[in-house]
Structure formats: C-alpha cells, structure tokens
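Here are some exercises to work through at your own pace, with the structure open beside you. Try each task before reading its solution.

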Amino acid sequence: MASNFSGLSTALTALTANRRALDVAAQNIANANTPGYSRQRADLVSLGGTAVPALWSAYRGPGDGVMVADISRLRDAFLDARNHSERAASGYLNNEHQLYGQLEQLVSEPGDQGLQAQLADMWGAWEDVGNNPGDLATRNALLRQAATTANSLNSRHNGLDTLFTATRDQLEALTADVNATGAQIAHLNQAVVRASGAGVSANELADQRDQLVLHLADLTGARALRQDNGAVDVLLGGAALVSGQTVRNLTVTGARALDNQASSPVGLQWQDTGTPAILPSGQVSSVLHSLTTTVPYYSAQLDQIAATLANSVNTQHGAGYDLSGTAGGPFFTGSTAGAIRVAITDPALVAAASTPGASRDGGNADAMAGLVSLPGGADLTYRQLVANLGVITASVNQRAAVQASLSETAAAGVAAVSGVSLDEEMTNMLMYQRGYEAAARVVSTVDSMLGTLINMI
Amino acid sequence: MLTSMRVTERSLADATMRGLQANLNRLGALQEQLSSGRMISRPSDSPTGTIVAMQIRGDLRQLQQYSRNTDDGKGWLNTVDSALTASMELVHRAREQALTGRSTGSSDQTAREALAGEVDRLRESLIGLANTKYLDRPVFGGTTTGSTAFDQNGNYAGDTGQVLRSAGAGIKVRVDSPAASTYGTGPTQLFAVLAQVSTDLRTNPAALGNDLDLIDTASKLLQSQLSDVGARYNQLVQLGQAGTERTDQLRASLSDVEDVDLPKAIMELQLQQVAYQVALGAAARVIQPSLQDFLR
C-alpha cells in the first residue's frame, strides 16, 4: 500500500515537470528569431513504482509521477549534412558569378568603348593614311589611334592585375576567417564535452557550434563528423581541420601579383605539415580557382591577342616603306597586353608605301587596313574570346540561380525540423499551464482529504 | 517549397522574402533594359547575340571607311575630269591654229608668227592643266612626292605609281590618270607635238600636215582617257550607293539584335509591377495573424 503522501509527491512531480516544460517553451519563444537556434523539447517520462517482484514488500500502487528526462534539441543530422553541401556549392557558384561579372565589366562589349571599336578605329586610321600618305597630320592621327589601342590593351591587363591582387587579399582574409572559426569550434567542442560529461544542458553551445560549422561549410565545403562525446570534428577533403579540441590552421602561399602567378602559383597549405589543402567546394575554393586558373587564363588570352596584333602589324609594316623610302621598322614593341606600345614617334617613319624610294604610294597602309579581316588575326581572336566569355558567364549565372533554389530547399528542410513555430509554442504553453493548474488542484484535493482524516482523529 | 508538413513563422517569412526578392530581380532587369534601351548590356545576356552584334559593328565600320574612300575617289576623278575636258578645248584650239597656219601657206610670216605664239601660249596653259592638283598632289603625277607632274619644258617629272581607293570588299578603283596614256610619251607626247607645231609654223609650214595627224592622235588619247575616267566615276557612284543601302540594312539588323522592343518591355514592366504588388499584398496577409491574436 502506498503512503498517505504519495499522491502529494506525485502531484509535486507534476508541478515541477510542467513548470520546467513551460520554461522550455519560454526559451523556444524567446529564441524564435535567433539564427541557428534549434527548438528544444522537454521529454516527459512517467515514473513507475518499483518493478522488482517481491513477496512481502511488493508495491501495488500506481506510478510515482512524471519527470523531465531530458531537454532534447531537435535537429536532423542528415538534413544538416545536406544543408552543408548545398551551402558549399552555393558559396562556390556565387563567387564564380561575381568573378565573371567583373570580367565582363572589364571587357565592356558589345559597345563603342570596347577593344573592338579601338581596333576598328586603328584600321580606319591606316586606311586614311593609305588615302593620303603625304599628309603628316593623318600620320599623326594614326600614331595617336594606335597608341589608344595599345593603351586599351594595357588597361585591360592592368584591370586583370588589380582583380588578381584584390582577390589574393580576399583569399587571405577568408583564410584568416576559416582559421578563426575553426578555433572557435574547437573551443566550443571543449565546452560541450565538459557540459555533457557533467550532465548539464549544452544545447545553446551546440547551436552556436553548428552555426560556425555551417559557416565553414559555406566557405570551404567542410564536412562535419559527430563524435560520441558530443564533439564535432570538421574535415576538409579528408584532412581534419578541427579534431575535438585541437584546430589546424591554413596559410596562403604563392605569388602576390598576376605576373608572378605562373612561376609561383597561389595555393592553400596546412600550416603544420606544409601539404596542400584540398577544398571540396565553397567560396574559398572558388577564390583559389579564380587565382590559379580563371584570371591567368583570360590574361593569357589577352596577351595572345596583343602578340597577334603586334606580330601581324609589324610583319606588314616591315614589308612597306616610309616617307623617305626606307623599309619600315617595328611598329609595336612588346608582345604582351601589359607591355605593348607604339614604337614609332616620328610620323614620317610610318611605312605607308609599298614601293621602295620616296613616293606617295599608300599601298602598304591599304594592305595594313585589310588586316581587320585576317583569319586568326587580333579582331577575330578577340571576338571569339568575348563570345566564349559570354557563354561561360551565362552558364555560371544559370547554375548559380539553380543552386540558389536548391540551397533554399535544403535550408527550408532544416528550418522545418528545427525552427520554432510560435503557434505550436503557444499551444504547448496552454497545455503545460492547464497541466500545472490540474496538478495544483490535485495537491489541494489531497490536502483537504488529509485534513479530513487528521481532523477526524 | 517546404518539404515537410511543419511550417514555422520564420520559414514563412523567409519564403516570402525570397519571392519578393525574385520579383524585384525581374523588375530590376526590365528596368535596366528600358533605361539603357539595349537588350544586350553584357556578353552573358546573349552570347550569340553578342557575336552577331560585334560582327555587324565591324562590318558597319568597314562600310563607313569604304564610303570615305569613295568620296575621296570621286573628288580625284572630278578633278581629273575637269582638267581633261579643259585640256581638250585647248588642244582643239591649237589644232585650229595649226590648220590656219597650213592653209595660209608660206606667204605671211608675221601671221604665222602670231599663230606660233598662240600655240606656245596654249602649250603653256596645257602644261599648267597637266599639273592640276587635288589636295596638294598632282593628279597626273602618279605617286610622286614632287609638286608637279610635268616640268616647264613638258618633260614628265612624276613616277609610275597608281593611286587606288578601296571602294568595296576587294575592289580597288584607280582614281588618277597615268600621264603616259593621257599625254603620250616620246616625240608623240602632246607637248612635244605642240612644240614641234610651233617650230613648224615659224620655219617649216609644209610639215604641218604631219603635225595635224599627231595632234589628232594626242586628242584621241585624251578623249579615251576622259571616257575611262567617266566609267570609273560611275563605278564609284554605284559602289557608293550599294554601300549606303547595305549600311541601312546592317543598322536595322543591329537594332533588331541589340535594341529593346520598347512596347514589349514596357508591357512586361507593368505586368511585373502588378505581380510585385500582389506578392506584397499576399505577404502582408499571410505573415501577420498568429495564435496570439486569439488567446485571451
């Protein structure tokens, strides 16, 4: 037979449990808008009596009340992992999208300010010299226009150079961010392990840590691995970035300017072992890719165009004769986009004639103007470059848009499981409040019953 | 877009924001098109359109150049034409003097002196006409750097180069006249013949018959060169017209590829604005109510 006060203690457990559950609901409501917060739930477990059979001291009463077994954090590890990978892909593609947008601005085609217009103006100036070879003013105009075209190539190379340097600085800043985030995760790992070892709730710490892991996934495509003691290991392409309470740092190595990229490529290394770090996805991966591949590629294409231009013009110029009848010298110096310059300053040295000896023949200048449609010449190569850039950029934009919607779906999935629904919390609050009221009623009823008994005697 | 049955206020707000953002993105794109008047502002808007637009622009520039060349060529040919026409007048007059000299016979020395003087003056004028310049270049001198095609004695001082103008793709039209085929060379050259006429008028009127034949030959040479100039001028005019028509066609094509269709874009903008307003209204209706409004 149960004791006289067993009903009271059962009701007391109910009061305590409902109050704690109400606290959990309050916590959820307070954090409804906190980013990264996963809703918590009080797990109520009923307490049974002694379940051990015995002969003389068997317990034949009902259970002993309710207890809050655990305040669990509602989070789906599978959805989290999917969210990480989608965020990583999204980070990668967003950065590519931005980079290609900048490259397109540098090119500024189709339009009247691009390189194609400058080249066309230069060929037109050659044609004018062919029409009027004896006029020094026309020759001067040609030299000016050629200088403008060379400047156009120079400035585009400089634009790529600036882009490279700025992106390199961005890579350093992002790497510092990765290192700092890794250190914070390690610190939080330590706190969570200690707390769960002591049986103390560590849900908020775990939420903070998971936010940081998401940030790392966005940056580097890192994968999270849950350990049994509650810590989370962060892996970068198989190598550990955060392992329990220890963190390994990354450093950026390699060239600081575009011109040095070929000889000393930019890379990301583990600071302790010096081995290259593998970044599966994420923004940092895209930044690194742009530094090692994309920007150098377009710079090389531009250099090739400058070399083709200089080569074809110089060859044709050498086949002509200037105003005094001597054969033409080199018209352009330099064979890269950054170094190409007009080599001639004296307008009389422009080789417009196609026959030796001083004459006003304009045949060579005419032939020079015909280089505009030279197969494999600068104009055609440039047009192909612009077209390729357009195709790639359009494709990147499309992939980024598709990935954005995929990322949204993944994030929505996580939010559906872990997000706080105020309606639900309100209803829970009602439930716990009524439960508390009912338990209080039980207390007062048992109290009055005991009072009857005591007053009887 | 939600994959589970559970909907939270946060996810509703996020979904609404995403929808509004997408609407605004579309509005922004339409506005960029309308304010710039161009469908293609960067290569990625339409890579194939960009290639076509660049090609057309290149072609348009070339056509402009051909048009400039054609105008310049017409100027040259006009100058040659008027010089040759005037020259033919003077050659005709010289012929008349020679004819008069031959028919006067050996009787009147002073009359023939006067005629010889006239022929000398005509010869000087013809040399002057043969040194006609266009833009500071003698039109009969080929590509000479000097300022005259013939010197004072009627000797050729130019060179044998040609002055060509590109009037179309692969089409080069000669816009000067070679002195050799206009005035002749050697003893049958026009000025040599006229000098001979002048001498013969003074001393040997019997040789004037032969001289008249030589003058006729020179005159025919001038005539044929004149008609050749006319033909080349016509060719330039036709090429110029063809170029103008092609330029108009290319401009229309470029506009088709690059420019925005204003009525269509404006209508799309208005539709998009309505869609945006509807999205805003829906968002306001969905987000606001919650259970708290109904609990006491």
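**Exercise 1. A loop with unusual backbone geometry**

Find A:S108 in this predicted model, and work out where A:S108 lies and what its phi is.

Solution. Begin with the location: A:S108 sits in the loop between α2 and α3 of chain A. Next, read off the backbone angle. Phi of A:S108 is near 45 degrees, a positive value in a residue other than glycine. For context, most residues other than glycine have a negative phi, and most peptide bonds are trans.

Now move along the loop to the peptide bond from A:E109 to A:P110: is this bond cis or trans? Its omega is near -15 degrees, and the bond is cis. A:P110 also belongs to the loop between α2 (77-107) and α3 (115-131) of chain A.

**Exercise 2. Building a sheet strand by strand**

Work out the strand order of the open sheet in chain A that contains β3, and decide which strands stand at its edges.

Solution. Step one is the hairpin. β3(A) and β4(A) form a hairpin with 5 residues between them. In the turn you will find A:G230, which has a positive phi of about 100 degrees. The two strands pair in the antiparallel sense over 4 bridges. To place one of these pairings on screen, look for A:R226, whose bridge partner in β4(A) is A:V232.

Step two is the other end of the sheet. Strand β5 (residues 239-243) of chain A runs antiparallel to β6(A), and 2 bridges join them. Here A:V242 has A:V247 in β6(A) as its bridge partner.

Step three puts the pieces together. The open sheet has 4 strands in the order β3-β4-β5-β6 (chain A), with antiparallel pairing. β3 (223-226) and β6 (246-247) of chain A each have a single partner strand, so they are the edges, and one side of each is left without a neighbour in the sheet.

Finally, see what lies across this sheet: which helix crosses β3 and β4 of chain A? The helix is α5 (residues 203-220) of chain A, which runs at about 5 degrees to β4(A) (232-236).

**Exercise 3. Is chain A spread out or compact?**

Use the radius of gyration and the domain division to describe the overall form of chain A.

Solution. Take stock of the elements first: chain A has 9 helices and 10 strands. Then compare two values. The radius of gyration of chain A is 38 Å, whereas the globule rule gives 23 Å for 457 residues; the computed value is well over the rule, so chain A is more spread out than a compact globule. Along its principal axes, the C-alpha trace of chain A spans about 145 × 45 × 30 Å.

Next come the domains. Chain A is divided into domain 1 (6-74 + 420-456) and domain 2 (82-409). Their C-alpha centres lie 64 Å apart. Where the two domains of chain A meet, 7 residues of domain 1 are in contact with 6 residues of domain 2. The domain 1 side of this contact divides into 3 nonpolar, 3 polar and 1 charged.

**Exercise 4. The same reasoning for chain B**

Describe the layout of chain B from its secondary structure, spread and domains.

Solution. Start with the count, which comes to 7 helices and 4 strands in chain B. Along the sequence, the pattern is α-α-α-β-β-β-β-α-α-α-α. The radius of gyration of chain B is 39 Å, well over the 19 Å that the globule rule gives for 296 residues, so chain B is more spread out than a compact globule. Its C-alpha trace spans about 145 × 30 × 25 Å along the principal axes.

Chain B is divided into domain 1 (9-37 + 260-293) and domain 2 (76-254), with C-alpha centres 78 Å apart.

**Exercise 5. Where the chains meet**

Find out which element of chain B supplies the largest share of its side of the contact with chain A.

Solution. Count each side first: 41 residues from chain B and 43 residues from chain A take part. On the chain B side, α1 (9-36), α2 (47-104) and β3 (164-168) each supply at least two residues. The largest share, 12 residues, comes from α2(B). By class, this side of chain B has 12 nonpolar, 17 polar and 12 charged residues.

Last, check the confidence values. The predictor gives the complex an ipTM of 0.84 and a pTM of 0.86. For chain B, the mean pLDDT is 88, and 97% of its residues reach 70 or more.

Technical notes: Residues numbered from 1 in each chain as written. Chains lettered and ligands numbered in written order. Predicted model: local features only at pLDDT ≥ 70, side-chain atom pairs only at ≥ 80, totals over all residues. Pairing = 2+ DSSP bridges. Axes fitted to C-alpha atoms, helices over the stretch in contact; angles between N-to-C directions. Nonpolar A, V, L, I, M, F, W, Y, C, P; charged D, E, K, R; others polar. Domains from an automatic or database assignment. pLDDT = per-residue confidence, 0-100. Rg over C-alpha atoms; globule rule 2.2 N^0.38 Å.
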